[in-house]
Structure formats: C-alpha cells, structure tokens
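I set aside some time today to go through this structure and keep notes as I went. Here is my notebook, tidied just enough to share.

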Amino acid sequence: MQFRDLGAQYKALKSEIDAGIQAAIDSTAFILGKPVSELENKLAEYVGRKHCVACGNGTDALQLSLMAWDIGPGDAVFTADFTYFASAGCASIIGATPVLVDIDLSTFNMSPEALEEAIKRTIAEGKLSPKVIIPVDLFGQPADYTKIIPIAKKYGLKILEDAAQGFGGSINGKLACSFGDLSATSFFPAKPLGCYGDGGAIFTDDDEIDARLRSLRAQGKSPVDKYDNREIGMNSRLDTIQAAILMPKFKAFVDYELDAVNKAAGWYTERLKDKFITPTILKGFYSSWAQYTILLNNREERDGMQKYLKEKDIPSMVYYPRGLHQQQAYSWMGLNDELFPNAVEAANRVLSLPMHPYLTEEMVDTVANALLSK
Ligand SMILES: *Cc1c(COP(=O)(O)O)cnc(C)c1O
C-alpha cells in the first residue's frame, strides 16, 4: 500500500499528462510558457480571485508575498507553532521575526485565542511591530478565518494564507486561497494538487501587488524590459512542463478527486471513531484532506502503533514530530513547551494514515482493521 498513490493517479491521467509534457517540449518554451498563464487563469477563476501568480514552490510563494508587502527586520509575523517549517522560515529569511502561536488540538490549526494573546503580548513588549498573520490550512482544512479575519482587522494586520496543504478546502462554499489578503499554495507532488517537481502559486485581488509579484519572481524586472531591474527579487518561476502536468490534474481534482478523498475520510472515521480521536472538521468547513490524522493517547502508543502498522506493510507518517519552537533553528527564541501545550500534545500523539483519491474502501478496511487489531 502507498501512503499517497501518485502512480495510480498517473495511470488514470497518463494520456493527457504525456501529451501535455510532449507539447511543452515541442514548444521549447520551457519556463513560464503559455500553459503557465493558462493555469494561472484557471486557478484564479476556481478559487474566486482576480490574479494568480505561479512561482517555483510554496516556500517562495510565502516569501514573495512578504516581500511584496515590504516586510523585513523589526516586523512580527504570527504563524502556527505546529506546521511545516516554511510557514515561519519565510519570515526569518527576509529578516522579519516569526511569532509562534499555539494551535487548537481538535483541528490542528492556529488557535484564534492564542493568536490574539500573542498579538497583545507583542504590542506590550514593544520590540517588534505586528504586521502579518500567516494562518496555515493544515492537513487540508482551512484555518478558522471566521475568527482570524476579525482579529486581523482589529489590530490592522494583513493575512497571508498558507494554503500549501489547503487547496480545494472551503468554508461555507468559499474556497481556500481566497481568505488571505495574499494566499500561497504549493504544487509539491504530495500536496492536494501536486505537479511532478516543485511549483507554487500566489493569489491576490490587488492589481499592483500582482504586478509586483510578477516582477519579484523574476529578479525584480520591469514589466516591459527584462534587463531593467528595479528592485531585488528572486528567481522563482514555474516550468511549462509542470503547468502542463497540472492542467489535467486540476481537472481531475475538481471533477472527482476532492470528492474521493472526502469519501475515503468518511470511511476511516466510520470505522475508527469509537477507538481513536478522528479528525474534527468544523461546521460549514470542507477539507481537501492533504492528510487524515488521528490522535493516539501518548507518544509511546503512537510510536508503537506506527511500528505495528509498518510490520503489516501499512505506511503512516508523523506530521509533525515537533513544534517549530522545538526546532534547533529557533532555539535562540528560548521558548519552552509550556507556551505551546497543544502543539506539544499534537507532536506527541499524531499519526497520519494513507490518504489519496485512489484509495478504495477495501484499502481503508485494511488500514482500519490493522489499527483496531492492536
Ligand atoms: C509544503 C508546505 C510548504 C512549502 O511548500 P514547498 O512547495 O514544499 O516549498 C509551506 N507550508 C506548508 C504548511 C506546507 O505543507
């Protein structure tokens, strides 16, 4: 069994993907070719935004967003403690300071209450100026924007949505990548919508920010003269081949894959809910199930279960084994575990099970029976 079966997906879409790759090669426009702008238009329309700017990966999408707002030294960027490193690293690398926020243990997403406390604390300390909140749509479920957007308004902060895992999720029908002033996603192969290498995109409704992002992804070039560099930018463009691969994958994603992962999640929950803590999806929220993650009672039980599953050839993953405050790169912050009780609990207890659109009910049975038999 595969944790995320990209082979099954390729088999289903092979003729279209192969044709797209071949056409990209024939065109010899290997970087930012026509399929890239076609993809940008399609994705912007789907999530309900004016602009989509494709770039090299999800990490760059976050960094470019902060650069487009001139975030830098002295600025506080609030993000969740329990996430992939890039959610905070994107701020550090441009000299800003990430301020880590504990999560809700039920959704694994940023706790709005802890966020407001962190903002108040930062203001009271007076060392950093609060600028941006980066909520993370972890495991496919949007962060609780119904509470986070009012907090951002109250304190005059911008929202950069980290939807690297969230593409396809929604709240009351409003799609992920539409919640931030800027929203970033990733096309890393294992994400809900993945390509065959690295890729990412940024969404905005602001024409000026859109133009600035297009410049920043190409060394700060002017829109009319590529050798007239107006500011310091990055080299972060999407390959034409990746856009060509994403086109048929995006169609399948919308047509049936989102539905399929939600079915699979339902099968898991039905079988596991009496014995394990299964994922909580808030009322009106919809997940794209980047991960299906259960909670065991403690680290020992979690590690034991992972080992037990492995013996039965069932892959599982621990996303994530530590909070960002426990990362060596952030040891200088001197933050202790008591500040992040829920992130620490999550790191000790989470276990992500095989999840992808090509999972059958029989496969879910196999995984569930193994879990229940220990
Ligand atoms: C994967 C991921 C990223 C980074 O995306 P890449 O394309 O790998 O650079 C950022 N944030 C989160 C939450 C992610 O899961």
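The entries below follow the order in which I looked things up.

**Entry 1: the model and its domains**

A reminder to myself before anything else: this is a predicted model. I looked up the domain assignment, and it gives domain 1 as 6-100 + 108-248 and domain 2 as 256-373. I then checked how far apart the two sit, and their centres, taken over C-alpha atoms, are separated by 24 Å. For the contacts between them, I found 34 residues on the domain 1 side and 33 residues on the domain 2 side.

**Entry 2: around S287**

Next I went to S287, which I found in the loop between β10 (285-286) and β11 (292-295). Is S287 buried or exposed? Its relative accessible area is 2%, and because buried means under 20%, S287 is buried.

I then asked what the side chain of S287 reaches. One partner is the backbone oxygen of G140, at 3.5 Å. Another is the backbone nitrogen of W289, which lies 2.9 Å from a polar atom of that side chain. Setting aside neighbours within four places in sequence, I listed the contacts of S287 as F139, G140, Q141, G169, N262 and I281. G140 therefore turns up in my notes twice, as a contact of S287 and as the residue whose backbone oxygen the side chain reaches, with S287 itself buried.

**Entry 3: the loop between α1 and α2**

I moved on to the loop between α1 (6-27) and α2 (34-47), where F30 is found. F30 counts as partly exposed, at 41% relative accessibility. It belongs to a nonpolar surface patch with I25, I31 and L32, and together the four have about 320 Å² of accessible area.

G33 is in the loop between α1 and α2 as well. With a relative accessible area of 8%, G33 is buried. I also looked up a pairing for G33 across the chain: D239 is 206 residues away in sequence, yet the two C-alpha atoms are 7.5 Å apart in space.

**Entry 4: salt bridges**

I counted the salt bridges and got 20 for the structure. A note on the principle: side chains of opposite charge can pair when their charged atoms come close.

I started with K34 and E38, whose side chains meet at 3.8 Å, N to O. Both lie in helix α2, four residues apart, which is about one turn of the helix. On accessibility, K34 counts as exposed at 62%, while E38 is partly exposed with a relative accessible area of 35%.

Then I looked at D255 and K251, which form a salt bridge at 2.7 Å, N to O. Why are D255 and K251 separated by about one helical turn? They are four residues apart in helix α8 (residues 240-272), so about one turn lies between them.

The third pair was E361 and R271, with their side chains in a salt bridge at 2.9 Å, N to O. This pair links distant parts of the chain, 90 residues apart, with E361 in helix α11 (residues 361-373) and R271 in helix α8. E361 counts as partly exposed, at 31% relative accessibility.

I also wrote down a network of salt bridges that links E40, D210, R214 and R217.

**Entry 5: backbone geometry**

I finished with the backbone, keeping one rule of thumb in view: most residues other than glycine have a negative phi, and most peptide bonds are trans.

Which two residues does a cis peptide bond join? I found Y319 and Y320, with omega at about 10°. Y320 lies in the loop between α9 (299-311) and α10 (341-349).

D313 is found in the loop between α9 and α10 too. It has a positive phi of about 65° although it is not a glycine. At 62% relative accessibility, D313 counts as exposed.

C177 also has a positive phi without being a glycine, and here the value is about 80°. I placed C177 in the loop between β7 (174-175) and β8 (182-186). Its relative accessible area is 0%, so C177 is buried. I put the two residues side by side in my notes: C177 is buried, whereas D313 is exposed.

Notes: Residues numbered from 1 in each chain as written. Predicted model: local features only at pLDDT ≥ 70, side-chain atom pairs only at ≥ 80, totals over all residues. Heavy atoms only, no water. Helix = DSSP H or I, 4+ residues; strand = E, 2+ residues; numbered from the N terminus. Buried < 20%, exposed > 50% of the residue type's maximum accessible area, 1.4 Å probe, protein only. Polar contact = N/O pair within 3.5 Å; in protein donor to acceptor, adjacent residues only side chain to side chain. Contact = heavy atoms within 4.5 Å. Patch = residues over 30% accessible without salt bridge, like charges linked within 9 Å, V, L, I, M, F, W, Y side chains within 5 Å. Areas by Shrake-Rupley, 256 points an atom, 1.4 Å probe, with all protein chains shown as cover. Domains from an automatic or database assignment.
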